[in-house]
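Work through the following exercises with the structure open beside you. Each one sets a task and then solves it step by step.

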Amino acid sequence: MSAMKSLVLLLLTVLVFGYSVSGYDLVYSTVSTRDSFVNLEGQVVNGLIYAFVTPEDGIQSAQFYIDDPLLSGTPFKIERFAPFDLAGTASDRTALPFDSNDLADGMHEI
């Protein structure tokens, strides 16, 4: 039996010139086309997920940090163009998978 991973979004902050902006969500899908996505906050996930920020409007780039709420370390991923995918975007514009099994069991912040 495969152990479930708890990947819980506790922090999503969009900064514009140093000011926090609301109205954006980190969501995930189980398919690379990003169809049928749901909010990642509070979700228990296992295996490959396709996480991304929505909506894309008004964002010039995205920096993703994992378990670094002070944003003081090196970002896990920097996306400079939409769509803004946690694990990056393929050349055909589909999302690349993030393997939640790479994280220890428990709660995590993105």
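**Exercise 1. Determine how many helices and strands the protein has, and describe their order.**

Step 1. The protein has zero helices and ten strands, where helices (H or I, at least four residues) and strands (E, at least two) are DSSP runs, numbered from the N terminus.

Step 2. Read along the sequence, the pattern is therefore β-β-β-β-β-β-β-β-β-β.

Step 3. Before going further, note that this is a predicted model, in which local features need pLDDT of at least 70 and side-chain atom pairs count only at pLDDT 80 or more, while totals for chains, interfaces and linings use all residues. Residues are numbered from 1 along each chain as its sequence is written, and side-chain values use heavy atoms, with hydrogens and water left out.

**Exercise 2. Describe the largest nonpolar core and the surroundings of V53.**

Step 1. Begin with burial: buried residues make up 35% of the 110 residues in the protein, where buried means under 20% relative accessible area, exposed over 50%, and partly exposed in between (1.4 Å probe, protein chains only).

Step 2. A nonpolar core is a set of buried Ala, Val, Leu, Ile, Met, Phe, Trp, Tyr and Cys residues joined through side-chain atoms within 4.5 Å. The largest such core has 17 residues, and those with the most contacts inside it are L26, L40, I49, V53, F64 and I110.

Step 3. The elements giving two or more residues to this core are β4 (25-29), β7 (48-54) and β8 (62-64), and the largest share, three residues, comes from β7. In soluble globular proteins, nonpolar side chains tend to be buried together.

Step 4. Now take V53 alone: leaving aside neighbours within four places in sequence, V53 is in contact (heavy atoms within 4.5 Å) with Y24, D25, L26, I59, F64 and F84.

**Exercise 3. Locate the salt bridge, and state whether its two residues are buried or exposed.**

Step 1. A salt bridge is a side-chain nitrogen of Lys or Arg within 4 Å of a carboxyl oxygen of Asp or Glu, and by this rule the count comes to one.

Step 2. The partners are D85 and R34, whose closest N and O atoms are 2.8 Å apart. D85 is in the loop between β9 (77-79) and β10, and R34 is in the loop between β4 and β5, so that the pair links distant parts of the chain, 51 residues apart.

Step 3. D85 has a relative accessible area of 0% and is therefore buried, and R34, at 15% relative accessibility, also counts as buried.

Step 4. R34 also lies over the face of F52, at 5.9 Å from the ring centre; a charge sits over a ring if NZ of Lys or CZ of Arg is within 6 Å of the ring centre and within 35 degrees of the ring normal.

**Exercise 4. Describe the aromatic pairs.**

Step 1. Rings of Phe, Tyr and Trp (its six-membered ring) pair if their centres lie within 6.5 Å; planes under 30 degrees apart count as stacked, over 60 as edge-to-face and the rest as tilted. The structure holds two such pairs.

Step 2. F37 and F52 form an edge-to-face pair, with 5.4 Å centre to centre and 80° between the planes. F37 is in the loop between β4 and β5, while F52 is in strand β7, 15 residues apart. F37 is partly exposed at 42% relative accessible area, whereas F52 is buried at 6%.

Step 3. F76 and F98 also form an edge-to-face pair, with 5.6 Å centre to centre and 80° between the planes. Because F76 lies in the loop between β8 and β9 and F98 in strand β10, this pair ties together parts that are 22 residues apart in sequence. F76 is partly exposed at 43%, and F98 counts as buried at 6%.

**Exercise 5. Find the cis peptide bonds and the positive phi values listed here.**

Step 1. Most residues other than glycine have a negative phi, and most peptide bonds are trans.

Step 2. A cis peptide bond joins T54 and P55, with omega about -5°, and P55 lies in the loop between β7 and β8. Another cis peptide bond joins A82 and P83, with omega about 0°, and P83 is in the loop between β9 and β10.

Step 3. R34, which is not a glycine, has a positive phi near 70°. S36 has a positive phi of about 50° although it is not a glycine, and S36 is in the loop between β4 and β5, where S36 counts as exposed at 72% relative accessibility.
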